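I opened this entry to keep track of what I look up, one topic at a time. The structure goes in first, then my notes.

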Amino acid sequence: MTARPARAARAAAVLDERIDGDAHQPSRPGWDCMGCGQAWPCAPAKVRLTEAYGPDRAGLTVYMGALYAQALDELRLFPAWELYGRFVVWARTARPVATRAAG
């Protein structure tokens, strides 16, 4: 196994931990959301991932890039550019979710 598939498999394996057992998990190998049936990452999953990574946009992008690599292997009928937009582009431009100050 090369480094890319191994890294992608590890990223996919810890996915549940990243978004804390949320209903909006991917149903693999089709990568549709188990919660809403939309293409994953759906809008609620993007919010949870953005919350999980906070201001670490680079970390989120690297993580989503690893999932993109896994999806490339599993969704061979989809063009790579389409999957790149679905998995990586949104993460590069994601804004940290504002949190309310405790008080």
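**Tyr53.** This is a predicted model. I started with Tyr53 and asked whether it is buried or exposed. Its relative accessibility is 13%, so Tyr53 counts as buried, the cut-off being under 20%. I placed Tyr53 in helix H3. I then looked at its distance to Tyr63. The two residues are ten apart in sequence, and their C-alpha atoms are 9.8 Å apart in space.

**Helix H3.** Next I asked which residues of H3 are buried. H3 covers residues 43-53, and its buried residues are Ala45, Leu49, Thr50 and Tyr53. They span an arc of only 135° around the axis, so they sit on the same side of H3. I noted the general rule beside this: an α-helix has 3.6 residues a turn, so residues three or four places apart point the same way. I also checked what comes after the helix. Gly54 follows H3 and has a positive phi, near 55°.

**Aromatic pairs.** How many aromatic pairs are there? I get five. I logged Trp31 with Trp40 as one of them: the centres are 5.9 Å apart, the planes are 45° apart, and the pair is tilted. Trp31 and Trp40 are both buried. I turned to Trp40 with Phe87 next. Their ring centres are 6.2 Å apart and their planes stand at 55°, so this pair is tilted too. It links distant parts of the chain, with the two positions 47 residues apart. Trp40 is in the loop between strand S2 (32-33) and H3, while Phe87 is in helix H5 (residues 80-93). Both Trp40 and Phe87 are buried. I entered Trp31, Trp40 and Phe87 as one aromatic cluster.

**H4 and H5.** Phe87 took me to the packing of H5. How do the axes of H4 and H5 cross? Helix H4 runs over residues 57-74; its axis and that of H5 come within 8 Å and cross at roughly 165°. That angle is over 145°, which means H4 is roughly antiparallel to H5. I recorded the crossing as right-handed.

I then listed residues from the contact. On the H4 side they include Leu60, Met64, Leu67, Tyr68 and Ala71. On the H5 side they include Leu83, Tyr84, Phe87, Val88 and Ala91. So I have Phe87 down twice: in the aromatic cluster with Trp31 and Trp40, and among the H5 residues that meet H4.

Key: Residues numbered from 1 in each chain as written. Predicted model: local features only at pLDDT ≥ 70, side-chain atom pairs only at ≥ 80, totals over all residues. Heavy atoms only, no water. Buried < 20%, exposed > 50% of the residue type's maximum accessible area, 1.4 Å probe, protein only. Helix = DSSP H or I, 4+ residues; strand = E, 2+ residues; numbered from the N terminus. Arc of directions from axis to C-beta. Phe/Tyr/Trp six-rings, centres within 6.5 Å; stacked < 30°, edge-to-face > 60°. Axes fitted to C-alpha atoms, helices over the stretch in contact; angles between N-to-C directions. Parallel < 35°, antiparallel > 145°, perpendicular 65-115°, else oblique. Left-handed = near helix turned anticlockwise from the far one by under 90°. Contact = heavy atoms within 4.5 Å.
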